[in-house]
Amino acid sequence: MAKTRVKKRTHLRAQNASAAAKGTASSMSKTPKSMVIRVGASQVGTSVSQLVKDVRQMMEPDTAVRLKERKSNRLRDYTVMAGPLGVTHLLLFSKSKTGNTNMRLAVTPRGPTLHFQVENYSLCKDVERALKRPQSGGQDHKTPPLLVMNNFNSPDVTEDSKVPKRLETLTTTIFQSLFPPINPQATPLSSIRRVMLLNREPVESNDEGYILSLRHYAIATKKTGMSKRIRRLDPKEIRNREKKKAAVPNLGKLEDAADYILDPSAAGYTSASETELDTDAEVEVAESTTRKILNKREMQRQKAAEKGDKKAVPTPGVEKRAVKLVELGPRLKLRLMKIEDGVCEGRVMWHDFITKSEAEVRRLDKSWESRRKQKEQRKKQQKENIEKKKQAKSKAKANGEDVEDDDEDVDMDSDDGDWISDDEDADGAGPDEDSDESMEE
């Protein structure tokens, strides 16, 4: 006897319902994950393809680094797989017919979506060529970068401004959700190896746009208060050195080790050029070493040392380190064009160039409200049909009749938002979409 057909697209099997619910709850509690996608595959060109690879490297480790796109892939293919894989953000890079590079940042499964125009960008290889001493990422990409945001919220912005206050808050929240939050008390400093800087450009008199500058840096630290010659003999610096060299320099031609540490050409003193540090700041860092548990008397002596008692013994394990930022790339200059309510489709919440009158806004709101009601009615009808079929199936089983699944195909709206049909283009806008509601750039 042939195997009965089980409809998987429109029906949720009972044995997998609880597992799917648990999987969804566990994925939401984990760290944010992202997908960086080329819309149109290789049609975007080699420069944009390399830019996508650089952005994926910047978003590591919680991103799909080896994602392969095809020309036939639609936005629906990625949104459907975002839920089971726990993907929370989609970064879509595309190229328009006029040659402009666009980036869309969408929060799954229900949006919103930020549309950016990439005004200019620099790849990682271009940044390395511009630096005198470039630094490779190495093992730094095993931990997420530290997100630093500047000038995102303006103090004098109101709801009547070109960029309303609520949209500034929304943009700030979306970028903050790209990476897991950091607990200063529990996060070790050694795990913070990179910095992602987002700076909002100041508003000019003739331009009131929302422009962001993105930079990506690696954090390099060195000990202060000692010359380069002494630092080379430090065992910890030798272990942390990325490019392995000789642990001890060649001292065979010298009569004493002091001749190496104290430069003879500087009259017995260390050269002043070797003590200069190309640094931005100095911080005090506590050494992450294993310490024994102090007794009551030692704890009292340590507290007295903190209060400034001269007889007390100072707390060991604190050293000064110089912090320097080395740019890794890429560089991006993004201009916010519009904000949509859904995932690359939905009601336009804000547009940089197009403004609507109050009557047009009310008409569009009514149109979206009618669509929402129709969608809810279709879902309700679908649930009623499923319940009727379940009841009929249970009655047939009770009467001892053979039950087979119906081959009739029933369409159902996804709970994660409207799906995009196959006849729509890769940018997410259908051919029959109203021009007033789409507000294309």
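The questions and answers below walk through a predicted model.

Visitor: Which helix supplies the largest share of the largest nonpolar core?

Guide: The largest nonpolar core of this predicted model has 34 residues, and among those with the most contacts inside it are Val55, Leu91 and Phe175. Several elements each supply at least two residues of this core, including strand E2 (89-95), strand E4 (113-122), helix H5 (165-176) and helix H2 (46-58). The largest share, five residues, comes from H2.

Visitor: How many residues does the other core have?

Guide: Apart from the core with 34 residues lies another one, and its members include Leu67, Leu90, Leu92 and Cys344. In general, nonpolar side chains tend to be buried together in soluble globular proteins. The number of residues in this other core is 13.

Visitor: Is Cys344 buried or exposed?

Guide: Cys344 lies in the loop between strand E10 and strand E11 (348-351), and its phi is positive, about 60°, although Cys344 is not a glycine. Its relative accessible area is 4%, and a residue counts as buried when that value is under 20%. Cys344 is therefore buried.

Visitor: Which side chain is joined to that of Arg200 by a polar contact of 2.5 Å?

Guide: Arg200 is found in strand E6, and because its relative accessibility is 5%, Arg200 counts as buried. Leaving aside neighbours within four places in sequence, the residues in contact with Arg200 include Asn150, Asn151, Glu168 and Tyr210. The polar contact of 2.5 Å joins the side chain of Arg200 to that of Glu168.

Visitor: What is the relative accessible area of Asn151?

Guide: Asn151 is found in the loop between strand E5 (146-150) and H5, where its phi is near 60°, a positive value in a residue other than glycine. Asn151 is neither buried nor exposed by the cut-offs of under 20% and over 50%, so Asn151 is described as partly exposed, with a relative accessible area of 36%.

Visitor: What distance does helix H11 reach from its first C-alpha to its last?

Guide: Helix H11 covers residues 358-398, which makes 41 residues, and its expected span at 1.5 Å a residue is 60 Å. Among the buried residues of H11 are Leu364, Gln382 and Ile386, while Gly400, just after H11, takes a positive phi of about 80°. The distance from the first C-alpha of H11 to its last is close to that expectation, at 60 Å.

Visitor: Where is the Pro109 that follows a cis peptide bond from Thr108?

Guide: The peptide bond from Thr108 to Pro109 is cis, with omega near 5°. Pro109 lies in the loop between E3 and E4.

Key:
Residues numbered from 1 in each chain as written. Predicted model: local features only at pLDDT ≥ 70, side-chain atom pairs only at ≥ 80, totals over all residues. Heavy atoms only, no water. Core = buried A, V, L, I, M, F, W, Y, C linked by side-chain atoms within 4.5 Å. Buried < 20%, exposed > 50% of the residue type's maximum accessible area, 1.4 Å probe, protein only. Helix = DSSP H or I, 4+ residues; strand = E, 2+ residues; numbered from the N terminus. Expected span 1.5 Å × (residues − 1). Polar contact = N/O pair within 3.5 Å; in protein donor to acceptor, adjacent residues only side chain to side chain. Contact = heavy atoms within 4.5 Å.
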